[in-house]
Structures are given as structure tokens and as C-alpha cells.
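Me: I would like to go through this structure question by question. Please keep the replies short and end each one on what was asked for.

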Amino acid sequence: MKTALIVGLLLGFAALAMQRECRGVNGRTPAREATGCGAAKDDTALREIPETWKENYNAGNAAGVAALYAPDAVYLTQHYVAGIVSGRAAIQAYVQRGVDAGYKVDGIEVLQTDCSGDMAYVVDRYTATNAGQKAMGVNLVVLRKSGGAWQIVAHEAAVPDPATAVQTLDVPKS
């Protein structure tokens, strides 16, 4: 039930992100970085999380990456046969596999943040080098503020396949 609620929140935040930033289609970065966080310190903290994730990952610190997640977090990924990695310990083990394989995150660009009360989301785009191959992906990260700190409660990573992906979207002009 808890996982269904988190996945529902994740999908709701994704729909909101898509609705608010239609200009981010066709591979273009949105014209502005949206933020709905009332406090600048919250927006700053949300924008630092992807960079902290990258720094820990590239340093081989899977425990440091896992520490960014709530104990009951879920990570949705197409790179795991079940599609969902549940719990901080399992997320750490999943990240450790990427670290052990020598994968590196080359860069992360935060495209959007928004928050309401103790819930928030971050949308970002990243580039990586995995087994010598360049890759690009996007993340939707849902966070909850607990004890004054933001923790990831749901993380969805998507890696578009250029061979099968929609190449362009015709967006009607309003």
C-alpha cells in the first residue's frame, strides 16, 4: 500500500511537471527553471541533492548515495529485472553494482524543482559513461522533508532509446 501511494505521488508529480513545462520538449532545456519552493534554502537544498548523488557515485561511495534516500524509498529503473528497487539497503546494493562496473556520471542538469509543505520533486537530465558508452537519461526524484532535511522517497530513472524514441513533438501553439 505504501509503495502504491509513493508511486501514485511520483506519477502525480510527473504529470504536474509535464503540464507546467511543456516548453521542455524536443530535447530543449526549459526556458526557465521553475521553482515553487517558498524558501530559497529549500530550493538550494533540492538542487544540491543531484550533485551530491553524482559526487558520491563517482567516488565509489554507494553508502553515501544510499544515505540520500529514506529507509523505505523506492527506485524505479529499467536496469533491474523487477523494475523497482525497494529500501535503502537494496538501493545501496544496486548502486554498488554500477560503481563496481566503473560507471561514471559525467554531468547532471537540474531542470525543475517544486515543493509543497514537506514534499518536493526534482527533474534532472544527466549524462554518463557506462562501460565506455555514453548515455543520457532523465530522473524524477520525489523527496520528503524529515527532521529539517530532504530525503529521497521515490526515484524514477529513464534512459531513452534513440532508436525507438519519438524524435519530435508537434505542440499546438496556444
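**One helix, one sheet and the aromatic pairs**

Reply: To start with helix α4 of this predicted model: Ile91, Tyr94, Val95, Gly98 and Val99 are buried there. These buried residues cover an arc of only 145 degrees around the axis, which puts them on the same side of α4.

Me: Which residues are exposed on the other side of α4?

Reply: An α-helix has 3.6 residues a turn, so residues three or four places apart point the same way. The buried side of α4 includes Ile91 and Val95. The exposed residues on the other side are Ala89, Arg97 and Asp100.

Me: What covers the buried residues of α4?

Reply: Helix α4, residues 88-100, lies across β1, β2 and β6. Its direction is at about 50 degrees to that of β1. The cover over its buried residues includes α2, α3 (62-66), β1 and β2.

Me: How far does α4 reach from its first C-alpha to its last?

Reply: The helix has 13 residues. At 1.5 Å a residue, 18 Å is expected. The model is close to that, with a reach of 18 Å.

Me: Which residue just after α4 takes a positive phi?

Reply: The phi in question is about 80 degrees. It belongs to Gly102.

Me: What is the strand order of the open sheet?

Reply: The sheet has six strands with mixed pairing. Its edge strands, each pairing on one side only, are β2 (84-86) and β3 (104-116). Neighbouring strands are turned by 20 degrees against each other on average, direction ignored. The order is β2-β1-β6-β5-β4-β3.

Me: Which helix packs on the sheet and touches β1, β3, β4, β5 and β6?

Reply: The direction of this helix makes about 155 degrees with that of β3. It spans residues 40-58 and is α2.

Me: Do β1 and β6 pair in the parallel or the antiparallel sense, and which residue of β6 stands opposite Tyr75?

Reply: Four bridges join β1 (residues 69-76) and β6 (residues 149-158), and the sense is parallel. Leu76 stands opposite Glu156 in β6. For Tyr75, the residue opposite is His155.

Me: How many bridges join β5 to β6?

Reply: These two strands run antiparallel. One of the bridge pairs sets Arg144 against Gln151 in β6. The hairpin has two residues between the strands, and Gly147 in this hairpin takes a positive phi near 60 degrees. The number of bridges joining β5 to β6 is nine.

Me: Why is the pair of Trp53 and Tyr57 stacked?

Reply: Both residues lie in helix α2, four residues apart, which is about one turn of the helix. Both are also buried. Planes under 30 degrees apart count as stacked. The ring centres of Trp53 and Tyr57 are 5.1 Å apart and their planes are at 10 degrees, so the pair is stacked.

Me: What kind of aromatic pair do Tyr75 and Tyr94 form?

Reply: Tyr75 lies in strand β1 and Tyr94 in helix α4, so the pair ties together parts that are 19 residues apart in sequence. Both tyrosines are buried. Their rings are 5.3 Å apart centre to centre, with 65 degrees between the planes, and the pair is edge-to-face.

Me: Which residues form one aromatic cluster?

Reply: The whole structure holds three aromatic pairs. The cluster consists of Tyr69, Tyr75 and Tyr94.

Me: Which residues does Ala67 touch, not counting residues up to four places away in sequence?

Reply: Ala67 lies in the loop between α3 and β1 and is partly exposed, with a relative accessible area of 49%. Ala67 and Arg88 are 21 residues apart in sequence, yet 7.5 Å apart in space, C-alpha to C-alpha. The residues that Ala67 touches are Arg88 and Gln151.

Me: Is Ala131 buried or exposed?

Reply: Ala131 is found in the loop between β4 and β5. Its phi is near 55 degrees, a positive value in a residue other than glycine. Residues over 50% relative accessible area count as exposed. Ala131 is at 62%, so it is exposed.

Conventions. Residues numbered from 1 in each chain as written. Predicted model: local features only at pLDDT ≥ 70, side-chain atom pairs only at ≥ 80, totals over all residues. Heavy atoms only, no water. Pairing = 2+ DSSP bridges. Axes fitted to C-alpha atoms, helices over the stretch in contact; angles between N-to-C directions. Contact = heavy atoms within 4.5 Å. Expected span 1.5 Å × (residues − 1). Buried < 20%, exposed > 50% of the residue type's maximum accessible area, 1.4 Å probe, protein only. Arc of directions from axis to C-beta. Phe/Tyr/Trp six-rings, centres within 6.5 Å; stacked < 30°, edge-to-face > 60°.
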